[in-house]
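This report describes a single protein chain for a reader at the bench. The sequence and structure come first, followed by notes on selected features.

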Amino acid sequence: MIRPDTSTHKAARTPIGFWMCVPVAVLQAFNAGRAALDPQGFAMYLGAPLAAPGDASWVLIYGLRTAFIALFVAALLARRDLNALKWTALAALILPLGDAWVARQAGAETSIIIRHAAIAAYLLLTTIALFAAPTARAK
């Protein structure tokens, strides 16, 4: 019995890892906006409250880098570049893990540290899904 070739059909579907990157980009854009509009509140959200009002500039620097990440991931999504997305997701794991460590060092509540760990877990699942996907660009 001859079976139909479904390899092109499978390659035509957009892998779940691609779609898992969309909320990552949206969350990063949202966080960049929050950091710009309310540095004090965003620092509390991260679990590392500001020691002095002048420290808000560090939160703005964090926000600018977060905006870059959001735009970079959005550009990779627009290009449907799964190969670049998987390596970006893998490298990005250091961010929520580092945030959890900084929050812990700052004496943040356990729930904040757990939130950072949950973001890291989601990013790890996204990374795994991307590495499991075909390496061709998503269609």
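## Largest pocket

In this predicted model, the lining of the largest pocket draws at least two residues from each of α2 (16–37), α3 (39–46), α4 (56–79), α5 (82–92), α6 (94–105) and α7 (110–132). The largest contribution to that lining is made by α6, which supplies eight residues.

The space in the largest pocket comes to about 770 Å³. Its lining is made up of 37 residues, and those closest to the pocket centre are Q28, Y62, L95, P96 and D99. By residue class, the lining of the largest pocket has 27 nonpolar, six polar and four charged residues.

## Overall fold

The chain has seven helices and zero strands. Read from the N terminus, the order of elements is therefore α-α-α-α-α-α-α. The chain has 139 residues, of which 35% count as buried.

## The salt bridge and the loop between α4 and α5

One salt bridge is found in a search of the whole structure. It joins the side chains of R79 and D81, with an N to O distance of 3.6 Å. The two partners differ in their exposure class: D81 has a relative accessibility of 14% and counts as buried, whereas R79, at 47%, counts as partly exposed. D81 is classed as buried because its 14% falls under the 20% cut-off. R79 is not classed as exposed, because its 47% does not reach the range over 50%.

R80 lies in the loop that connects α4 and α5. The phi angle of R80 is positive, at about 55 degrees, although this residue is not a glycine. With a relative accessible area of 26%, R80 is partly exposed.

## Nonpolar surface patch

Which residues form a nonpolar patch on the surface? They are I16, W19, V22 and V26, and together they have about 380 Å² of accessible area.

Within this patch, I16 belongs to helix α2. I16 counts as exposed because its relative accessibility is 57%, and the exposed class starts over 50%. Helix α2 (16–37) is also one of the helices that supply at least two residues to the lining of the largest pocket.

Key: Residues numbered from 1 in each chain as written. Predicted model: local features only at pLDDT ≥ 70, side-chain atom pairs only at ≥ 80, totals over all residues. Heavy atoms only, no water. 1 Å grid on protein atoms, 1.4 Å probe; cavity = no way out; pocket = protein on both sides within 12 Å on 5 of 7 lines; lining within 4 Å. Points joined across faces, edges and corners; volume = space filled by probe spheres on them. Helix = DSSP H or I, 4+ residues; strand = E, 2+ residues; numbered from the N terminus. Nonpolar A, V, L, I, M, F, W, Y, C, P; charged D, E, K, R; others polar. Salt bridge = Lys/Arg side-chain N within 4 Å of Asp/Glu carboxyl O. Buried < 20%, exposed > 50% of the residue type's maximum accessible area, 1.4 Å probe, protein only. Patch = residues over 30% accessible without salt bridge, like charges linked within 9 Å, V, L, I, M, F, W, Y side chains within 5 Å. Areas by Shrake-Rupley, 256 points an atom, 1.4 Å probe, with all protein chains shown as cover.
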